[in-house]
Amino acid sequence: MAEPPAEGGGIEIRRLYKIFGANARDYLALVERGMSKAELMARHGHVLGLRDVNIHMKPGCIQVIMGLSGSGKSTLIRHINRLIDPTAGEVWVDGVDVVKMNGSELRQFRRRHTAMVFQKFALLPHRTVLDNAVFGLEMKGVARAGQVESAMRWLARVGLAGFEDRYPNQLSGGMQQRVGLARALANDAPIMLMDEAFSALDPLIRVDMQTVLLDLQKEIKKTIVFITHDLDEALRLGDAIAILRDGEVIQQGTNQDIVLRPADDYVASFVKEVNRGRVIKVEAIMGPATDNADAPKLAIASDAVLEDAARLLAGANQTALAVLDGKGRRVGCVDIQRILSAMVTPVASGGGERRDSSLALRDLEPSAETATRG
Amino acid sequence: MDWLFSFPHLSDDTLRAWKKAVDAGFLAFTRTYGDAIEHLFDPLQYFLIHSERVLLGAPWPIVVLVFAAIAWFAGRSRIVVAGTVSTLLAIGLFDMWEDTMKTISMIVVCTVLSIVLGIPIGIAMSRSDRLQKSINPILDVMQTLPSFVYLIPVVMLLGIGKVPGLIAVVIYAIPPMIRLTDLGIRLVDRDVLEAADAFGSSSWQKLVKVQLPLALPTMMAGVNQTIMMALAMVVIASMIGVQGLGQPVLKAIANQYFTLGVMNGLAIVGIAIIFDRVSQAYGRRLQKHRSVVHG
């Protein structure tokens with residue numbers, strides 16, 4: 001999560017409200033005073049889409065917005081390029097409020113600043129893969145040679161070289177979404193909006209596409225807003241994660257924050273199912289570094305996950321590891337007990353329980369549930 | 001109780017006066033503007049005369065070849081080409097070549113005119129629900145009003161001849177073109193439209209690059225329907241002086257010439273089948289990208 005080059009693309013969402021229905025504005029005051037989603041529906045027949053959403057998305061980072069269906073996540077992402085108009089609030093991108101743009105400004109903004117990838121791919125069935133990939137550039141008015149050059153490069157980059165002349169119907173779902181990804185990348189916009197981009201793919205392909213995206217992000221360093229209902233996906237991709245429920249943001253933070261310190265029962269119930277060993281980083285649970293003679297001989301990077309640490313220990317038949325930061329300095333140490341206790345799901349998970357490394361030992365008390373979960 | 005069994009209608013005098021007034025009004029209108037309106041349609045007349053001259057002036061083998069070539073390029077199907085050629089040869093053999101060419105020229109001009117007028121109207125309808133609601137009943141009237149009824153004002157205005165016949169045929173044949181253009185555009189997947197919006201397309205770009213191409217198969221069904229309806233109308237249009245296969249049919253009805261009627265009727269059926277198969281085959285070819293589906 002290093003600070004990226006400041007080439008723009010940061011997004012600031014402020015006090016965003018969305019109410020669906022004919023007289024949305026009339027009910028804004030009621031919602032601001034705290035009327036619930038169910039009450040608004042029952043009394044006035046309007047649907048509360050978003051309530052007081054405030055998110056700062058850093059340029060060059062992957063911001064995941066997670067929530068179940070109906071939580072308003074797809075509504076939220078459509079406010080960034082204003083495919084949906086808000087009832088109230090501001091969306092600032094590079095110092096401009098998208099909400100206040102007129103028609104042609106908005107069109108230019110969409111052409112130059114954003115690109116979008118869709119859950120159902122939304123490719124043009126009558127166009128070949130290549131002609132789909134150039135679509136955004138075509139809208140911009142780039143000369144055909146330039147369109148093709150850029151599209152071919154990105155098609156090759158997502159692994160579709162040789163498929164340029166096929167039609168979308170001839171490709172599998174995973175390959176179709178690669179076309180969608182190439183179409184967005186070819187646009188070369190600083191912001192990529194990905195609306196449940198991998199949700200329609202089967203699990204193996206989904207993990208595959210996540211890897212593609214993470215690899216790409218290392219070189220393109222775009223601001224990516226990624227919508228998902230899958231917490232594993234959110235934790236794997238997100239530099240920052242916002243969790244949405246009934247149109248409200250209930251927790252924002254890094255994947256470590258979400259897993260180790262769920263804000264409420266709702267988040268905790270999700271986190272319970274997560275493979276903690278693959279998410280929690282060593283630095284989040286390490287104890288102070290020891291300088292004396294019995295310091296551990298093995299070392300591991302501070303941003304390694306617990307599973308890697310456990311594998312290292314098991315392989316070397318050791319019980320403790322030194323933790324090194326990016327520059328190779330010792331910043332702490334972890335032992336096998338700490339690792340194990342952090343990897344198992346807390347017995348009394350939820351209830352806003354605050355977990356940190358100092359509590360880890362208590363959780364090691366044997367219980368049937370934790371023993372089988374490993 | 002008299003009023004219960006015979007419907008209480010307006011008095012005969014009132015009705016007569018009213019009909020007279022409307023007739024007189026329309027007559028005055030035709031006398032004043034008839035010539036001007038006739039000139040308005042001069043380009044159509046020119047178009048009609050020339051297409052007929054081309055079809056009749058060319059040697060028949062070349063005409064057959066051209067039709068075979070069109071059938072081939074539209075459908076890439078040997079059966080369609082063979083059917084086209086043999087139908088045309090049979091028509092020629094039974095001495096109906098000239099009338100058939102006149103009918104085909106009429107159908108071609110009517111279809112082109114219906115497409116040129118129908119597509120923009122259909123596009124406009126697809127963009128506004130209010131417009132759709134107001135045009136739909138007009139289309140219903142155009143399709144259900146007995147065709148003889150609207151022949152009357154057309155003949156009063158323009159006399160008899162090719163152009164009034166053309167107008168009558170187009171009025172009858174254009175509704176499917178309009179309706180199916182509207183339907184085709186409305187059926188375009190919303191996800192794809194949203195994607196077009198997200199990439200910043202203007203409404204013109206969206207229309208030309210997304211909506212029309214995706215509506216094309218439906219619009220081709222509209223073209224096909226328009227051709228069929230134009231053919232059905234050709235016999236009726238012969239009553240107001242449109243030449244072609246309709247006139248022998250009309251003569252056969254008047255004089256009870258059974259064979260003449262059936263022969264010319266079958267010739268109409270023959271070219272209807274040619275037009276139908278060729279336009280459908282072309283429509284299918286436009287959708288080729290849909291047919292090869294990934295397992």
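I began with A:Glu105, which I located in helix α4 of chain A; helices here are DSSP runs of H or I with at least four residues, strands are runs of E with at least two, and both are numbered from the N terminus. The model is a predicted one, in which local features need pLDDT of at least 70, side-chain atom pairs count only at pLDDT 80 or more, and totals for chains, interfaces and linings use all residues. Residues are numbered from 1 along each chain as its sequence is written, while chains are lettered from A and ligands numbered from 1 in the order in which they are written.

Is A:Glu105 buried or exposed? I noted it as exposed, because it has 12 C-beta neighbours inside 10 Å; the cut-offs are 20 or more other C-beta atoms within 10 Å for buried, 12 or fewer for exposed, and partly exposed in between, with C-beta atoms placed from the backbone. I also looked up A:Glu105 against A:Ile243, and the two are 138 residues apart in sequence, with 31 Å between their C-alpha atoms.

Next I turned to where chain A meets chain B, and I found 22 residues from chain A and 19 residues from chain B in the contact, a contact being two residues whose C-beta atoms, placed from the backbone, lie within 7 Å. On the chain A side, α4 (103-112) and α6 (135-140) each supply at least two residues, and α4(A) gives the most, with 4 residues. I sorted that side by class into 10 nonpolar, 8 polar and 4 charged residues, where Ala, Val, Leu, Ile, Met, Phe, Trp, Tyr, Cys and Pro count as nonpolar, Asp, Glu, Lys and Arg as charged, and the others, Gly among them, as polar.

Staying in chain A, I checked helix α3 (residues 73-80) and found it mostly covered, with 8 of its 8 residues buried, among them A:Lys73 and A:Arg78. After α3(A) comes A:Arg82, which has a positive phi near 55 degrees.

In strand β6 (residues 114-117) of chain A, I saw A:Thr114 and A:Met116 pointing one way and A:Ala115 and A:Val117 the other way, all of them buried. β6(A) runs parallel to strand β7 (residues 191-195) of chain A, joined by 4 bridges, where DSSP must find at least two bridges for strands to pair. In β7(A), A:Leu193 stands opposite A:Met116.

For chain B I recorded 14 helices and 0 strands, a C-alpha trace spanning about 75 × 55 × 45 Å along its principal axes, and buried residues making up 35% of its 295 residues.

How do α3 (residues 42-57) and α9 (residues 162-186) of chain B cross, and at roughly what angle? Their axes come within 9 Å and cross at roughly 95 degrees, the axes being lines fitted to C-alpha atoms over the stretch in contact and the angles running from 0 to 180 degrees between N-to-C directions. α3(B) and α9(B) are therefore roughly perpendicular, a term for 65 to 115 degrees, with under 35 roughly parallel, over 145 roughly antiparallel and the rest oblique. The residues making this contact include B:Leu48 of α3(B) and B:Leu166 of α9(B).

Finally I checked confidence: chain A averages a pLDDT of 86, and 89% of the residues score at least 70, pLDDT being the predictor's confidence in each residue, from 0 to 100. In chain A, pLDDT stays under 50 over residues 1-6 and is below 50 over residues 349-374. Where pLDDT is low, the predicted coordinates should not be read in detail.
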